[in-house]
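Here are some short exercises to work through with the model open in your viewer. Try each task before you read its solution.

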Amino acid sequence: MFTGIVEEMGEVISCIIEGKTAKLTVRAGVVHAGTQIGDSIAVNGCCLTVVILEGNQLTFDAIPETLARTNLGALVPGSPVNLERSLEVGARLGGHFVQGHIDGVGTLLALTPTENAVIMEIGIPNRLHRYFVEKGSIAVDGVSLTVVEVKPESFTVWTIPHTRAVTTLGIRAVGDGLNIECDMLGKYVERLISEPNQK
C-alpha cells in the first residue's frame, strides 16, 4: 500500500525486455535506505518487488501483465521514474490509499498553464471512465492527484509547481503514456452492486 506522495525521482539504469517480461534496474538516492530484497516499491505508481539490491541500485522483475498494463516497457536508460516506498503503519497519509495496481495507461492530451498551475488533460481507456468523479482521487504515474473535470473521453488535473518540480509530471509531454490507478473504493462498490445477492 502506498500514498501517492512521491519520495524522489530515480533514474533508470537498464530496462532489459525479454519477450513479454523485463528486468528493470533503477538508481535511487533515498528509497534504497532501509530497503531489503522482497520489499515493495512503487515505480511510476506500479508496485514492484525488489529482487536485487546493490548499494543504491534496485532491480525489479516485470511480468507480462505488468508490461501490458503500464508504461514501464517504454523506459530506457536515463529515464526518470517516480519512486515511493510502501506505507508504514502509523505514518501520515498525505495523499490517498494507492495499491500500486495500475488499471491502464492514459495519454497526455494537453498542458495548459494557468496562474501558478498547469492543467493536464489525460485521455483514458473507455473501460475506466466510470471510475472517475469530480473531486475524486486518482494516481497518475504514482502521484496522488484530484480529478477536476471529467470529460467524455478524458479527465483533467491541476498540478502545482512543487508537484511538477519533484515528480516526472513536470517533464511529461503531449502524447506521453501515463500510468493510471483509479480509486479502489469505486471498484469495490461497483463489484458489490453488480452482484448484490452472492453468498
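Strands here are DSSP runs of E with at least two residues, numbered from the N terminus. Keep in mind that this is a predicted model.

**Exercise 1. Find which strand supplies the largest share of the lining of the largest cavity.**

Solution.
- Start with the cavity itself: the structure holds one cavity of 30 Å³ or more, and the volume of the largest is about 30 Å³.
- Next, list its lining, which is made up of V6, A42, G45, N82, L83, E84 and G142.
- Now look at strand β6, residues 80-85: this strand gives three residues, the largest share of the lining.

**Exercise 2. Sort the lining of the largest cavity by class.**

Solution.
- Glycine is counted among the polar residues in this scheme.
- With that settled, the lining comes to three nonpolar, three polar and one charged residues.

**Exercise 3. Describe how strand β1 is joined to strand β2.**

Solution.
- Locate β1 at residues 8-18 and β2 at residues 21-27; the two run antiparallel and are joined by seven bridges.
- Step to the turn end, where E18 stands opposite T21 in β2.
- Two residues lie between the strands of this hairpin, and G19 takes a positive phi near 65 degrees.

**Exercise 4. Work out how many bridges join β2 to strand β5, and which residue of β5 stands opposite L24.**

Solution.
- Strand β5 covers residues 57-62 and runs antiparallel to β2, with six bridges joining them.
- Follow β2 to L24, and you will find F60 of β5 opposite.

Technical notes: Residues numbered from 1 in each chain as written. Predicted model: local features only at pLDDT ≥ 70, side-chain atom pairs only at ≥ 80, totals over all residues. Heavy atoms only, no water. Pairing = 2+ DSSP bridges. Helix = DSSP H or I, 4+ residues; strand = E, 2+ residues; numbered from the N terminus. 1 Å grid on protein atoms, 1.4 Å probe; cavity = no way out; pocket = protein on both sides within 12 Å on 5 of 7 lines; lining within 4 Å. Points joined across faces, edges and corners; volume = space filled by probe spheres on them.
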